[in-house]
Amino acid sequence: MASPSPLAAPFEIGGVQIPNRVVLAPMAGLTTSAYRSHLREHGAGLVTTEMVSAHGLLHVNQRTGRYLDFLDEERPIAVQLFGETAEVMARAAEAVMSLSQLPDLLDINMGCPVRKVVRTGAGAALMADLDRAEAIVAATVAVAATAGIPVTVKIRSCPPGGGDVSELARRLEAIGVRGIAVHPRTAAQLYRGRADHTVTATVVRAVKIPVIASGDIASVAGALGVLEETGAAAVMVARGAQGNPWLVDGLLAGEERARPGLYEVVSDLRALLARATLEMGAVRAARWARKLLGWYLRRSGVPGAVVDDLRRLPDVPSLDRALAGLAGPLKREPPD
Ligand SMILES: Cc1cc2nc3c(=O)[nH]c(=O)nc-3n(C[C@H](O)[C@H](O)[C@H](O)COP(=O)(O)O)c2cc1C
């Protein structure tokens with residue numbers, strides 16, 4: 001029997017109970033309601049929406065509004081907003097707080113490195129302008145407080161010469177932020193290079209609120225190492241769980257798990273596709289799942305040409321039939 005994983009212990013963010021210390025990262029294009037519920041079923045203690053544009057919400061862009069929909073089974077859930085001025089963010093937070101279904105947490109994106117976002121002064125651009133960042137966060141915190149919703153912030157490493165991450169963290173805590181997620185790469189690094197969790201440790205030392213470590217969480221030993229090295233309250237899984245939701249099960253069990261056989265991998269993928277179909281319809285779900293097909297199947301040794309053929313199928317029913325055929329000849333491996 002493995003000893004209980006420290007990641008399986010509950011914690012709290014601003015009074016919200018989080019059942020364990022494995023958090024699903026926000027990922028634009030991926031963390032839809034279907035993906036979040038699926039990872040929640042694998043055990044993730046907290047899930048986050050894709051980043052939602054404050055402007056998009058205010059212009060009652062129906063597509064943006066849909067990003068706020070979630071199922072009760074996903075709770076606890078954070079909605080992540082991005083925007084570039086205090087006024088826009090406060091008004092967007094008001095829109096969120098007036099929904100009939102409130103999220104458990106409101107998260108502010110201060111890490112997005114995409115040019116389209118940074119150019120407007122939002123996302124990672126805020127890390128270079130602490131006063132504006134503080135004004136935006138303070139305005140959002142004030143609005144969220146009216147509904148009793150704690151605010152968290154997700155940051156990156158400061159660019160070289162671009163300031164001190166401890167000062168930013170302390171200022172965020174002082175204005176009422178209740179948790180900070182740290183992805184310790186600079187915006188210029190995008191997603192390349194190793195995450196430098198000494199930065200996460202610096203943030204942990206600077207504040208008393210829970211800090212969540214994001215970046216290169218891809219194995220049980222690695223995650224436990226980051227937890228110990230940084231003193232963070234929790235870890236955040238992102239690319240490490242793409243096509244490998246069993247990473248979450250393993251983190252909670254505290255032991256590396258062998259990847260399941262193809263039969264189980266395909267069954268899991270089909271279950272995810274069924275959820276996606278309910279959320280977005282059979283045609284959009286098939287398009288949404290194209291990257292997932294590669295992540296799930298290539299990792300299980302399915303040849304690239306087979307995956308390419310699957311990607312060309314127009315909807316989930318045809319995809320599901322092909323997947324059933326792929327796994328059909330295989331029997332579930334008997335237990336030892
Ligand atoms: C495809 C993709 C989309 C992402 N979208 C967001 C986002 O919307 N908001 C955010 O705060 N971070 C976003 N991130 C960053 C992740 O949340 C995470 O911090 C980052 O991937 C580092 O973790 P990893 O090295 O384990 O992948 C995204 C990352 C990826 C790969």
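**Cavity, pocket and ligand in a predicted model**

Q: How much space lies in the largest cavity?
A: About 90 Å³ of space lies there. The model is predicted.

Q: Why is this space called a cavity?
A: A cavity is a set of grid points where a 1.4 Å probe fits but cannot get out. The structure holds 1 cavity of 30 Å³ or more. At about 90 Å³, the largest cavity fits that count.

Q: What makes a residue part of the cavity lining?
A: A lining residue has an atom within 4 Å of a grid point. By that rule, 14 residues line the largest cavity. The closest to its centre are Leu 46, Asp 107, Thr 152, Ile 212 and Met 236.

Q: Which strand supplies the largest share of this cavity lining?
A: Strand 8 does, with 3 residues. Strand 6 (105-110), strand 7 (151-156) and strand 8 (179-183) each give at least two residues.

Q: How do the residues of the cavity lining divide into nonpolar, polar and charged?
A: The lining has 10 nonpolar, 3 polar and 1 charged. Asp counts as charged, and Leu, Ile and Met count as nonpolar. Therefore Asp 107, which is in the lining, is its 1 charged residue.

Q: What makes a space a pocket rather than a cavity?
A: A pocket is an open set of points, with protein on both sides within 12 Å along at least five of seven lines. About 820 Å³ of space lies in the largest pocket. Its lining holds 35 residues. Pro 26, Met 27, Ala 28, Tyr 191 and Gln 242 lie nearest its centre.

Q: Which element gives the most to the lining of the largest pocket?
A: Helix 13 does, with 3 residues. Strand 4 (47-53), strand 7, helix 12 (282-288) and helix 13 (290-298) each supply at least two. By class, the lining has 18 nonpolar, 9 polar and 8 charged residues.

Q: What takes the space of the largest pocket?
A: The ligand does. A molecule sits in a pocket if more than half of its atoms lie within 2 Å of the pocket's grid points.

Q: How many residues surround the ligand, and which are the closest?
A: There are 17 around the ligand. The closest are Ala 28, Gln 80, Lys 154, Ser 214 and Arg 239. This shell has 8 nonpolar, 5 polar and 4 charged residues.

Q: Why is the pair formed by Arg 239 and the ligand called a polar contact?
A: The cut-off for a pair of N or O atoms is 3.5 Å. A polar side-chain atom of Arg 239 lies 2.6 Å from an oxygen atom of the ligand, so the pair qualifies. A backbone N or O atom of Asp 216 is 2.9 Å from a ligand oxygen, so this pair passes too. In the side chain of Asn 109, an N or O atom is 3.3 Å from a ligand nitrogen, and therefore that pair also counts.

Q: How much of the ligand does the protein bury?
A: Taken alone, the ligand exposes 610 Å². The protein buries 88% of that.

Q: Where is the cis peptide bond at Pro 76, and what is its omega?
A: The bond joins Arg 75 and Pro 76, with omega about -5 degrees. Pro 76 is in the loop between helix 3 (62-66) and strand 5 (77-82).

Conventions: Residues numbered from 1 in each chain as written. Predicted model: local features only at pLDDT ≥ 70, side-chain atom pairs only at ≥ 80, totals over all residues. Heavy atoms only, no water. Near = heavy atom within 4 Å. Polar contact = N/O pair within 3.5 Å; in protein donor to acceptor, adjacent residues only side chain to side chain. Areas by Shrake-Rupley, 256 points an atom, 1.4 Å probe, with all protein chains shown as cover. Points joined across faces, edges and corners; volume = space filled by probe spheres on them. Helix = DSSP H or I, 4+ residues; strand = E, 2+ residues; numbered from the N terminus.
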